[in-house]
Amino acid sequence: SHVLDSIRASVSIFSEHVCAVERQKIIKRATKFGRITLLTRAFSRGIDFKCFDRTVLSSGGVHVIQTFFSEDISEEMQIQSRTARYG
């Protein structure tokens with residue numbers, strides 16, 4: 001979308017089409033200050049994002065925004081816990 005043009009450098013898109021090496025880079029960068037990471041539903045389970053960035057932590061931590069309705073409550077809980085396990 002052209003809406004992201006002004007912040008394109010800070011946005012990562014994580015989909016099934018991203019290779020394994022790039023996935024690891026995206027996961028590592030995702031919790032750094034100023035980063036936006038968009039993930040498809042397929043990645044709502046099985047990936048945990050650990051934050052070590054003091055600026056992010058002092059600003060309330062990593063935020064996860066779900067933009068679709070979960071098919072069941074267990075999926076919703078998995079999405080909400082992507083960062084919660086690490087404080």
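**Exercise 1.** In this predicted model, determine which residues Ser-15 is in contact with, leaving aside its neighbours within four places in sequence, and decide whether Ser-15 is buried or exposed.

*Solution.* Begin by placing the residue: Ser-15 belongs to the loop that lies between strand E1 (11-14) and helix H1 (20-29). Next, setting aside the neighbours within four places in sequence, one finds Ser-15 in contact with Arg-23, Thr-40 and Phe-43. Finally, compare the accessibility with the cut-off, which is under 20% for a buried residue; because its relative accessibility is 13%, Ser-15 counts as buried.

**Exercise 2.** Establish how strands E1 and E2 run relative to each other, and which handedness the β-α-β unit of E1, H1 and E2 has.

*Solution.* Strand E2 comprises residues 36-39, and four bridges join it to E1, the two strands running parallel. Within this pairing, Leu-38 of E2 stands opposite Ile-13. Adding helix H1 to the two strands then gives a β-α-β unit that is right-handed.

**Exercise 3.** Identify the residues of the largest nonpolar core, and work out where Ile-27 is found and what it touches beyond four places in sequence.

*Solution.* The largest nonpolar core has eight residues, namely Phe-14, Val-18, Ile-26, Ile-27, Ala-30, Phe-43, Ile-47 and Phe-49. Of these, Ile-27 is found in helix H1, and because its relative accessible area is 19%, Ile-27 is buried. Not counting residues up to four places away in sequence, Ile-27 touches Phe-14, Ile-47, Asp-48 and Phe-49. Turning to Phe-14, its contacts outside that sequence window include Ile-26, Ile-27, Phe-43 and Ile-47.

Technical notes
Residues are numbered from 1 along each chain as its sequence is written. This is a predicted model: local features need pLDDT of at least 70, side-chain atom pairs count only at pLDDT 80 or more; totals for chains, interfaces and linings use all residues. Side-chain values use heavy atoms; hydrogens and water are left out. Buried means under 20% relative accessible area, exposed over 50%, partly exposed in between (1.4 Å probe, protein chains only). Contact means heavy atoms within 4.5 Å. Two strands pair if DSSP finds at least two bridges between them. A crossover is right-handed if, with the strands pointing away from the viewer, the path from the first strand over the helix to the second runs clockwise. A nonpolar core is a set of buried Ala, Val, Leu, Ile, Met, Phe, Trp, Tyr and Cys residues joined through side-chain atoms within 4.5 Å.
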